[in-house]
Amino acid sequence: MREITSRDNKIVKLCEKLAARKYRDRLGLYLIEGENLLEEAVREGAAVDTVLMRRGYKGKMQPGLEDRTFLLDEKLFDKLALTDTSQGILAIVKKPGVSQGDFIEKGAVGNFVVLDRLQDPGNIGTIIRTADAAGYSLIVAMKGTADVFSPKVVRAA
């Protein structure tokens with residue numbers, strides 16, 4: 001496992017940028033934090049780009065990600081952590097690609113949810129989680145809706 005010790009490292013700088021929506025949109029990447037979110041991302045086939053672990057992390061490592069995992073000292077990791085009481089693991093994940101064909105195919109076979117100018121990340125995450133549990137096949141976020149890949153929405157969903 002490789003170690004990152006400098007705040008000037010390109011991966012650290014990338015994580016700092018991904019705190020802002022414009023960079024998440026421009027780069028097609030977003031951050032997830034915590035063992036459960038990483039496990040779910042791997043299980044669902046998400047494209048996990050990079051994993052960052054805090055020195056002393058005692059949780060389980062997802063198999064197949066060892067070559068993309070970096071160890072950070074406590075101070076550096078804590079600067080990147082999205083929560084106050086971090087579990088000690090972060091990941092950079094590629095946003096899934098969506099095309100017009102996905103909308104037509106999925107919309108034709110099931111129900112979907114339209115998010116129109118919703119702003120509260122907790123509410124958006126709850127709607128996404130509930131729609132998924134109810135078997136909805138698609139969620140459309142209209143212009144003016146908060147970023148569905150923001151850390152708070154991702155945690156809530």
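The following questions and answers concern a predicted model.

Me: Which residues of helix α3 are buried, and on how many degrees of arc do they lie around the axis?
Reply: Helix α3 covers residues 35-43, and Leu37, Leu38 and Ala41 are its buried residues. An α-helix has 3.6 residues a turn, so residues three or four places apart point the same way. The buried residues of α3 are therefore on the same side of the helix, since the arc that they cover around the axis is only 100°.

Me: Which exposed residues does the face of α3 turned away from its buried side carry, and which elements do the buried residues pack against?
Reply: On the face turned away from the buried side of α3 are the exposed residues Asn36 and Arg43. The buried residues of α3, in turn, pack against the strands β2 (29-33), β3 (48-54) and β5 (89-94), and also against helix α7 (151-156).

Me: Is glutamine 62 buried or exposed, and which residues is it in contact with beyond its neighbours in sequence?
Reply: Glutamine 62 has its place in the loop between β3 and β4. Its relative accessible area is 9%, and because buried means under 20%, glutamine 62 counts as buried. Leaving aside neighbours within four places in sequence, the contacts of glutamine 62 are Leu38, Glu39 and Val42.

Me: Is glutamate 44 buried or exposed?
Reply: Glutamate 44 is placed in the loop between α3 and β3. Its relative accessibility is 60%, and because the cut-off for that class is over 50%, glutamate 44 counts as exposed.

Me: Which residues touch the most other members of the largest nonpolar core, and which helix gives the most to this core?
Reply: The largest nonpolar core has 17 residues, and those that touch the most other members are Ile4, Leu52, Leu72, Leu80 and Ile92. At least two residues of this core come from each of α1 (10-17), β2, β4 (69-72), α4 (74-80) and β5. With four residues, the element that gives the most to this core is α1.

Me: How many residues does the other core have, which lies apart from the largest one?
Reply: This other core includes Ile32, Val48, Ala91 and Phe149 among its members. Its number of residues is 16.

Me: Why does the span of helix α6 agree with what it should be?
Reply: Helix α6 runs over residues 121-133, which makes 13 residues, and at 1.5 Å a residue these should span 18 Å. The C-alpha atoms at its two ends agree with this expectation, because they are 18 Å apart.

Me: Where do the buried residues of α6 fall, seen down its axis, and what do they pack against?
Reply: The buried residues of α6 are Ile124, Gly125, Ile128 and Ala131. Seen down the axis, they fall within an arc of 130°, so they line one face of the helix. Their packing partners are β6 (112-115), β7 (138-141) and α7.

Me: Which residues form the aromatic pair, and how many residues apart in sequence are the parts that it ties together?
Reply: The pair consists of tyrosine 30 and phenylalanine 149, whose rings are tilted, at 4.7 Å centre to centre with 50° between the planes. Both tyrosine 30 and phenylalanine 149 are buried. Because tyrosine 30 lies in strand β2 and phenylalanine 149 in the loop between β7 and α7, the pair ties together parts whose separation in sequence is 119 residues.

Definitions and conventions. Residues numbered from 1 in each chain as written. Predicted model: local features only at pLDDT ≥ 70, side-chain atom pairs only at ≥ 80, totals over all residues. Heavy atoms only, no water. Buried < 20%, exposed > 50% of the residue type's maximum accessible area, 1.4 Å probe, protein only. Arc of directions from axis to C-beta. Contact = heavy atoms within 4.5 Å. Core = buried A, V, L, I, M, F, W, Y, C linked by side-chain atoms within 4.5 Å. Expected span 1.5 Å × (residues − 1). Phe/Tyr/Trp six-rings, centres within 6.5 Å; stacked < 30°, edge-to-face > 60°.
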